[in-house]
Every structure is written in C-alpha cells, then in structure tokens.
Amino acid sequence: MTTMKNKLTLKQIEAIIGEMSVEQALEKLYGYKEEYGTKIDKLILKYEKKKLQWEKELKRFDEMCCYEKEAYKEGVKFIAGIDEAGRGPLAGTVVAAAVILPENIFISGLNDSKKLNEKQREKLYDEITQKAIAYEVGIVDEKIIDELNILNATKMAMEIAVDSLKIKPELLFIDAVKLDGIRIPQKSIIKGDSLSISIAAASIIAKVTRDRLIEEMDSVYPQYGFKKHKGYGTQEHIEAIKKYGICPIHRVSFTKNFI
C-alpha cells in the first residue's frame, strides 16, 4: 500500500498504465480506487471509453474478415487482396498492389485507404509490409494509360503485381475488377476495400506507393503542385495546366479538354 507521503500523482499513474493494454490499465486503476477515491474516476472513465472503442474496433475488423474466414474454411491458405490507386488523376502512374496476409492477423485501424489520412496510411503501410506473408506492386505509366485506356492499364498493373508475388496465391480478392489474364480463382467484391482486410491492405500499399512516386515529380515539375494534389484534377492543377501546358507525366487522354 502506498503511504500518504508517497502517493502517486495522477500524471505518474497515467505514465504507469500508459504501456499497458486497456484491460490491464483498468484493472490497475480499479486497484487504486480504494486509496485514491474519486480522484481516480476521470482516469477510469477515460479508459472505460478506450475499452469500448477497442471492442468496437475488434468487431469492425472481425466483420472485415468475413470473406477471408469463408475462404480459410474451404481450405484456401494464401489469399491475395488486389487494389489500385490512381485511376482518376490527370497525371502520373496507376499503381496496383497484391497483398497476402497471414490467417488470424489483426491490424488496428486497417481500412479502405480513402477513409484514412496520410499519417494513418503511412503507419499502416509499415505494419502491413512487416506482417504480410508477401506483397508486390505493379506500376503502369501514363503513356500506356493513354494507349490502352485506364481500365485496361489498371488491370495490367494488377496482373503485374500478382505475377510478381514470391508466393503464389490460391485465391484473389479484387475490388470490383475481374482479371481475365490470370488463371487463379478470383472473387470480385464491390467496395471490397471496405469489406475485406486483404483488399484494404492492398489499397493502402497502392496508395502510399503512388503518392510517394508522384511527390518525387514535384521537384521535377514544381509549377504543377503535384505534392499537394497528387495529380488529381483540382482547380489549382487545372489552372496550372492551362497556364503551363502539360508536362511529360500528364495523361494526354485525361487533359486534352484543358489544353
């Protein structure tokens, strides 16, 4: 028992529980309750809220595993989630990613890349690349996009990513696309980046990879503001095209109406 003289401050208590799980922290806090009385109530309430948020996140993640769980029950071992980034921009590549996650994985916050901010995506990118069984990207440039059209270029990028995987998947989960050039069983899932952890992981890898590539072009063509808008058709970007014309990484088929 801590004596009155050696009583901890609330700040010290919070430091002690800071590295614990939510459950362990609450157990510790309720252990302090008799000694500290109502002074500890705000911390208890804070961690009770954290517990509810954690339980909600576990439930959300579990629901995003439904397609994977069904496949595992059927004996599938390696599932590759496939998604792309960059179908809509006026400039730059389209990037696809293929990601194979281990069974029973948990990655807090994993979601459709469009629902996350840049900091969240970067953090999840590091965790996904560390924990994935295998992952690869496929990159198709603006010249091929102009030649093939964006849908076919996207499929090409996806096929490159799948073919590059060091471990051959037994099943593909793809966000709303079917790959006719790949002879692997596949399931096309509408809004799959919100419904499947495998596709969500691929969406993050693709998005972060593409953003990094287009940001590199900002120093080469600074007048267009690529670092800010990532090549998408913002008013600022369109005005820059009207003023300076297009640069080598612009998609001619996407920008012809602005020239």
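Here are a few exercises with worked solutions on a predicted model.

**Exercise 1: helix H2**

Work out how the span of helix H2 compares with the expected one, and which helices its buried residues pack against.

*Solution.* Start with the ends: H2 runs over residues 22–36, so we have 15 residues to play with. From first C-alpha to last, the helix reaches 20 Å, close to the 21 Å expected at 1.5 Å a residue. Next, pick out the buried positions: Val22, Ala25, Leu26, Leu29, Tyr32, Glu35 and Tyr36. Now look at their partners, and you'll find helix H1 (10–17) and helix H3 (41–64). Finally, step past the end of H2 to Gly37, which has a positive phi, near 60 degrees.

**Exercise 2: two tyrosine pairs**

Classify the ring pair Tyr32–Tyr36, then do the same for Tyr224–Tyr244.

*Solution.* A pair of aromatic rings is described by the distance of the centres and the angle of the planes. With centres within 6.5 Å as the cut-off for pairing, the model has six aromatic pairs. For Tyr32 and Tyr36, the centres are 5.6 Å apart and the planes sit at 80 degrees, so this pair is edge-to-face. Both tyrosines belong to helix H2, four residues apart, or about one turn of the helix. Tyr32 and Tyr36 are both buried.

Over to Tyr224 and Tyr244: their pair is edge-to-face too, at 6.1 Å centre to centre and 70 degrees between the planes. This pair links distant parts of the chain, 20 residues apart. Tyr224 sits in the loop between helix H9 (197–216) and helix H10 (226–229), while Tyr244 is in helix H11 (residues 235–244). As for burial, Tyr224 has 2% relative accessibility, so it counts as buried. Tyr244 has 43% relative accessibility and therefore counts as partly exposed.

**Exercise 3: charges over rings**

Find which ring lies under the charged end of Lys7, and which one Arg251 lies over.

*Solution.* Take Lys7 to begin with: its charged end sits over the ring of Tyr36, 4.8 Å from the centre. That's the Tyr36 already paired with Tyr32. Then go to Arg251, which lies over the face of Phe254, 5.0 Å from the ring centre.

**Exercise 4: Glu84**

Is Glu84 buried or exposed, and what does it touch?

*Solution.* Locate Glu84 in strand E1 (residues 79–85). Glu84 is buried, yet has no salt bridge. Check the nearest side chain of opposite charge: Arg87 is 4.6 Å away, and the salt-bridge cut-off is 4 Å. Leaving aside residues up to four places away in sequence, Glu84 touches Val94, Val95, Ala96, Thr154, Met158 and Ala206.

Note on methods. Residues are numbered from 1 along each chain as its sequence is written. Side-chain values use heavy atoms; hydrogens and water are left out. Helices (H or I, at least four residues) and strands (E, at least two) are DSSP runs, numbered from the N terminus. The expected span of a helix is 1.5 Å times one less than its number of residues. Buried means under 20% relative accessible area, exposed over 50%, partly exposed in between (1.4 Å probe, protein chains only). Contact means heavy atoms within 4.5 Å. Rings of Phe, Tyr and Trp (its six-membered ring) pair if their centres lie within 6.5 Å; planes under 30 degrees apart count as stacked, over 60 as edge-to-face and the rest as tilted. A charge sits over a ring if NZ of Lys or CZ of Arg is within 6 Å of the ring centre and within 35 degrees of the ring normal. Lys and Arg count as positive and Asp and Glu as negative; His and the chain ends are not counted.
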